Amino acid sequence: MEDLVLAERPVWLLLTIAVVAIALLLVLIIKARLHAFFSLLIIAVATGLAAGIGVGDVIDVVIDGFSSTVGTVALLVGFGAVLGRLVEVTGGAQVLADKMLDTFGEKRAPLALAVASLFYAFPIFLDAGFIVMLPVIYTVARRLGGSFMLYVLPSIASFMTMHALLPPHPGPTAAATVMGADIGLVVLIGLLIGLPTWYVGGYLVARVIARRFPDTPVPALLGDPRDVPEEERPGFGAIILVLLLPLVLIFFNTGFSTLEAQGTVSADNIAFQVSRLIGATPVALALSALLAMILLYVIPRRRRGEKVGGLLEELVDDALAPVCSIILITGAGGAFGAILTETGIGNEVADGLDALGLPLIVAAYLVTMAMRIAQGSATVAATTGASIMAPAIVAGDFGTIAVAAVVVAIGAASIGWSHVNDSGFWLIGKFCGFDTVTTFKTWSVVGTTISLVGFALSAVVFVLAA
């Protein structure tokens, strides 16, 4: 923020304040059972004041952090929840689940869900893609029984891996741009590193963790399960069209954005302008939700001679109501992260790590990790880490493969070490029905494992290419 009044505090005191704030937050949520929305905002304000943010500014920082997070999340979650609810209530999730189980078998259901999530996560943001996949995960888990954790954690691992390591996701894309890396090569190196990282650090670890939670129930967040008669279910082709539409639109946007950045097409190109409109993730999800309303709900009901009327409006209300609390909690997490960002804790620690003279890829990982822990956002951590390390990359005259490996290492650092200042921590945890402790033991552990394995493989590529 401009003109922010911030009293000077030594780094050790800022770190102490941050640690105490997180500890008090966990006490309020876990022990005192105060709602996470209130707990996050109370601790955010108290942390800001203790860290030296002026009394007149602290509320502005909280509001800015809250609004910027909600502005990003609310549209994605809202449209994603409506699309998910439509797929669930029309029987589309049952169609997909049946097809998946018939193809891969019941024993391979967790792997099938993870692989499907891996493909779906390639172009679409973690939170939006995961919400759209949830109805299928719910349906498979209900049909086969056992712990919900067994089916959802491998899918979470897929979305986390793709979000962290591969363009066009914002973190690795920003890091590659700042460091002057070749985006195409980053994608290739990201896949080379990302696939074994996903399988070992994500899928296998997720399966091990899931066995520790044998009685996790399937949430009813998208409404009570409804067994739709087979003759009333939509066709497999219609479901695939609805779910693939956002991927196609986002790829359309990514392709033209790349061409425009390379100078192949001009910024005034009509196709480029259209791609920026319909290929933006919220718009792509909105168009998919509207298509789902028509293909999966309105047309089938009219063919059966049933009324549509206010039922569709009621269905949308039912989809949006449960996610309002999640959006508010996620925004409050963003507010807490904004407070920690404004204190400068992450930058101070990152500068200190950068000055230690560590090997380049190790320093890049640790600097990004410090930013991730300090302020929560994976995208901000990756962008900041890349900006701090970019001069060293230029001065070192590294090859293109080595630079791509550093970008992937930065992406790996940005997905691990998630805790209460990460909006994704609350978003995914609440959609899965996890309490705070369970979210730490699942989401945070899987993300950190992916982070460490991804970094290790990136370091190997860097050493071989340097």
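## Briefing on a helical protein model

R33 sits in the loop that joins α1 (11-31) to α2 (36-50), and this loop residue is a useful place to begin reading the structure. The model is a predicted one, and the protein that it describes contains 20 helices and zero strands. With a radius of gyration of 22 Å, close to the 23 Å that the globule rule gives for 466 residues, the protein is as compact as a globular protein of that length.

**Overall form and packing**

- Taken along its principal axes, the C-alpha trace of the protein spans about 70 × 50 × 50 Å.
- Among the 466 residues of the protein, 54% count as buried, where buried means a relative accessible area under 20%.
- When the contacts with a separation of 6 or more are considered, 80% of them are accounted for by residues that stand 24 or more positions apart.

**Surface and charge**

- The protein has an accessible surface of about 19000 Å², and carbon and sulfur atoms hold 66% of this surface.
- The protein carries 23 positive and 32 negative charges, and the mean positions of these two groups are 14 Å apart.

**Helix α18**

- Helix α18 covers residues 400-415, and at 1.5 Å a residue its 16 residues should span 22 Å; the end C-alpha atoms are 23 Å apart, which agrees with that expectation.
- This helix is mostly covered, since 14 of the 16 residues in α18 are buried.
- After α18 comes W417, a residue whose phi is positive and near 60°.

**Two loop residues with positive phi**

- R33 is not a glycine, and yet its phi is positive, at about 60°.
- How exposed is R33, the residue in the loop between α1 and α2? R33 has a relative accessible area of 67%, and because this value is over the 50% cut-off, R33 counts as exposed.
- W417 is likewise a residue other than glycine with a positive phi, in this case near 60°, and W417 lies in the loop between α18 and α19 (423-431).
- With a relative accessible area of 28%, W417 falls between the cut-offs of 20% and 50%, and therefore W417 is classed as partly exposed.

How values were computed. Residues are numbered from 1 along each chain as its sequence is written. This is a predicted model: local features need pLDDT of at least 70, side-chain atom pairs count only at pLDDT 80 or more; totals for chains, interfaces and linings use all residues. Side-chain values use heavy atoms; hydrogens and water are left out. Helices (H or I, at least four residues) and strands (E, at least two) are DSSP runs, numbered from the N terminus. The radius of gyration is taken over C-alpha atoms; the globule rule is 2.2 Å times the number of residues to the power 0.38. Buried means under 20% relative accessible area, exposed over 50%, partly exposed in between (1.4 Å probe, protein chains only). Contact means heavy atoms within 4.5 Å. Accessible areas come from the Shrake-Rupley method with a 1.4 Å probe; for residues, only the protein chains shown count as cover. Lys and Arg count as positive and Asp and Glu as negative; His and the chain ends are not counted. The place of a charge is taken as NZ of Lys, CZ of Arg, CG of Asp or CD of Glu. The expected span of a helix is 1.5 Å times one less than its number of residues.
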